[in-house]
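Subject: A structure for you to look at

Dear colleague,

I am handing over a structure that I have been looking through, and below it I describe what was found. Please keep it open beside this message while you read.

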Amino acid sequence: MMEERFKGGCVCGEIRYEIDRIFDVIYCHCNRCRRGTGAPVVVTAQVAGDSFRLTKGSPTEYRTSASGRSFFCGKCGTGLYGEYSKQGHPLAANGRYFSVRTGTLDEPEKVSPQIHQFVESRLAWFDTTDALPRVKGNTLPHPTRRTPKSL
Ligand SMILES: [Zn+2]
Ligand SMILES: [Zn+2]
């Protein structure tokens, strides 16, 4: 848990947001994240529903599933975050939580990944030799219950 005010936004500055607390930071190697970002892997910050707010602009949305929507700047195309409505999810305050792409933060250096998920989809040439835990799919253990290289 990172208790600090984080700010971020898109390339053109049309959309800006703030985060009060980050619960977890995840490398996702899944095919959907790869295609959606055009990058080999994406790093997202997991944020409870009451800890994220837009401070400027209104992003365009794309529905990714029955419970999820992806938001991007309609002007410059920057993909910013996903919003998920899940009652009972440990992060779901107000019945929802956010997954924010850390590359859109003003100070991404401060928010380092804590775990790899969907490692079975990792591109073979994308070498990751850090000591972070690795899990298949999105079966993430809670941050307090992790040991390095758990898979
Ligand atoms: Zn923009
Ligand atoms: Zn993913």
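A convenient place to begin is Arg21, which is found in strand β2. Please bear in mind throughout that this is a predicted model, so that everything I describe belongs to a prediction. Is Arg21 buried, exposed or partly exposed? With 16 C-beta neighbours inside 10 Å, Arg21 counts as partly exposed, because a residue needs 20 or more such neighbours to be called buried and 12 or fewer to be called exposed. Arg21 is also the bridge partner of Glu3, and this pair belongs to the contact between β1 and strand β2 (residues 16-22), which run antiparallel and are joined by six bridges. If you would like a sense of distance, the C-alpha atoms of Arg21 and Thr128 are separated by 27 Å, while the two residues are 107 apart along the chain.

The sheet around Arg21

Strand β2 takes its place in an open sheet of three strands, in the order β1-β2-β5, with antiparallel pairing. The edges of this sheet are β1 (2-9) and β5 (52-56), and because each of them has a single partner strand, one side of each is left without a neighbour in the sheet. On average, neighbouring strands here are turned by 20° against each other when direction is ignored.

The sheet of seven strands

There is also an open sheet of seven strands, whose order is β6-β7-β8-β9-β4-β3-β10 and whose pairing is mixed. Here it is β6 (60-63) and β10 (115-117) that stand at the edges, and since each has a single partner strand, one side of each lacks a neighbour in the sheet. Neighbouring strands of this sheet are turned by 30° against each other on average, again with direction ignored. As general background, strands of a sheet pair through backbone hydrogen bonds, either parallel or antiparallel.

Within this sheet, I would ask you to look carefully at strand β9 (residues 96-101), which is mostly covered, with six of its six residues buried. Which residues of β9 point one way, and which the other? Arg96, Phe98 and Val100 point one way, whereas Tyr97, Ser99 and Arg101 point the other way, and all are buried. On one hand, β9 pairs in the antiparallel sense with strand β4 (residues 42-48) over five bridges, and there Val100 is the bridge partner of Ala45. On the other hand, β9 pairs with strand β8 (residues 79-85), also in the antiparallel sense and over five bridges, and there Arg96 stands opposite Ser85.

The chain as a whole

Stepping back, the chain has one helix and ten strands, and from the N terminus on its elements run β-β-β-α-β-β-β-β-β-β-β. Its C-alpha atoms fill a box of roughly 40 × 30 × 30 Å, taken along the principal axes. For 151 residues, a compact globule would have a radius of gyration near 15 Å, and the chain has 15 Å, which agrees. Of the 151 residues, 32% count as buried. Finally, among contacts between residues at least 6 apart in sequence, 50% join residues at least 24 apart.

With best wishes

Methods: Residues numbered from 1 in each chain as written. Chains lettered and ligands numbered in written order. Predicted model: local features only at pLDDT ≥ 70, side-chain atom pairs only at ≥ 80, totals over all residues. Helix = DSSP H or I, 4+ residues; strand = E, 2+ residues; numbered from the N terminus. Pairing = 2+ DSSP bridges. Axes fitted to C-alpha atoms, helices over the stretch in contact; angles between N-to-C directions. Rg over C-alpha atoms; globule rule 2.2 N^0.38 Å. Contact = placed C-beta atoms within 7 Å.
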